[in-house]
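Biologist: Could we look through this model together? I would like to hear about its strands and its salt bridges.

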Amino acid sequence: MASAKSPDRWKARLLEGGSAALTYALVRAEVSFPAEVAPVRLQGGVASVGAGVVFPLGCRPSWTTGMELSAEYLREKLQRDLEAEHVEVEDTTLNRCACSFRVLVVSAKFEGKPLLQRHRLVNACLAEELPHIHAFEQKTLTPEQWARERQK
């Protein structure tokens with residue numbers, strides 16, 4: 001475990017974002033004396049910890065997941081694995097910290113499948129990523145449905 005003598009490492013991690021409770025628990029676990037832990041104060045949608053270290057609420061730092069989640073990463077994976085002809089991925093998190101996404105996937109693999117089976121295909125494709133995503137909204141269309149929708 002790192003000692004309280006490595007504050008730069010913690011500042012860098014805190015700046016990446018994280019929940020106040022998680023950050024407080026992690027900081028407490030890393031320092032020698034609990035008295036060295038500054039209380040977390042919530043102010044206007046951000047949390048500040050100690051000496052001016054501020055991070056957005058609702059974000060989880062990438063170092064907690066062990067993987068890099070981004071709209072582009074998810075788009076490429078969905079396009080490749082589902083052989084999709086069109087994929088849109090939007091990070092819907094208020095501060096764009098990659099924990100909430102909305103996707104549109106157009107794939108011939110959805111032909112003849114009801115909505116639940118389509119969503120299961122998407123969920124299976126993103127099985128490793130979904131446990132690290134807070135909210136996930138998906139729309140799945142066949143190429144024919146996509147062509148009709150674009151004409152509207």
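Biologist: Is D81 buried, partly exposed or exposed?

Modeller: A word on the source before that: this is a predicted model, where local features need pLDDT of at least 70, side-chain atom pairs count only at pLDDT 80 or more, and totals for chains, interfaces and linings use all residues. Residues are numbered from 1 along each chain as its sequence is written, and side-chain values use heavy atoms, with hydrogens and water left out. Buried means under 20% relative accessible area, exposed over 50%, and partly exposed in between, with a 1.4 Å probe and protein chains only. D81 has 31% relative accessibility, so its class is partly exposed.

Biologist: Thanks! Which residue meets the side chain of D81 in a salt bridge?

Modeller: A salt bridge here is a side-chain nitrogen of Lys or Arg within 4 Å of a carboxyl oxygen of Asp or Glu. The partner is exposed, with a relative accessible area of 55%. At 3.2 Å, N to O, the side chain of D81 meets that of R80.

Biologist: And what is the N to O distance between E72 and R75?

Modeller: Both residues lie in helix 3 (residues 71-81), three residues apart, about one turn of the helix. Helices (H or I, at least four residues) and strands (E, at least two) are DSSP runs, numbered from the N terminus. E72 is partly exposed at 39%, and R75 is partly exposed at 24%. Their side chains meet in a salt bridge at 2.8 Å.

Biologist: Which residue meets E144 in a salt bridge?

Modeller: E144 is exposed, at 51% relative accessibility. Its partner sits four residues away in helix 5 (residues 143-151), so about one helical turn separates the two. At 2.9 Å, N to O, that partner is R148.

Biologist: Now the strands: how many residues of strand 5 are buried?

Modeller: Strand 5 covers residues 100-106, seven residues in total. The strand is largely enclosed by the rest of the structure, because the number of its residues that are buried is six.

Biologist: Which residue is the bridge partner of F101 in strand 6?

Modeller: Two strands pair if DSSP finds at least two bridges between them. Strand 5 runs antiparallel to strand 4 (residues 86-91), with six bridges, while it pairs with strand 6 (residues 135-141) in the parallel sense over seven bridges. Within that parallel pairing, the partner of F101 is F136.
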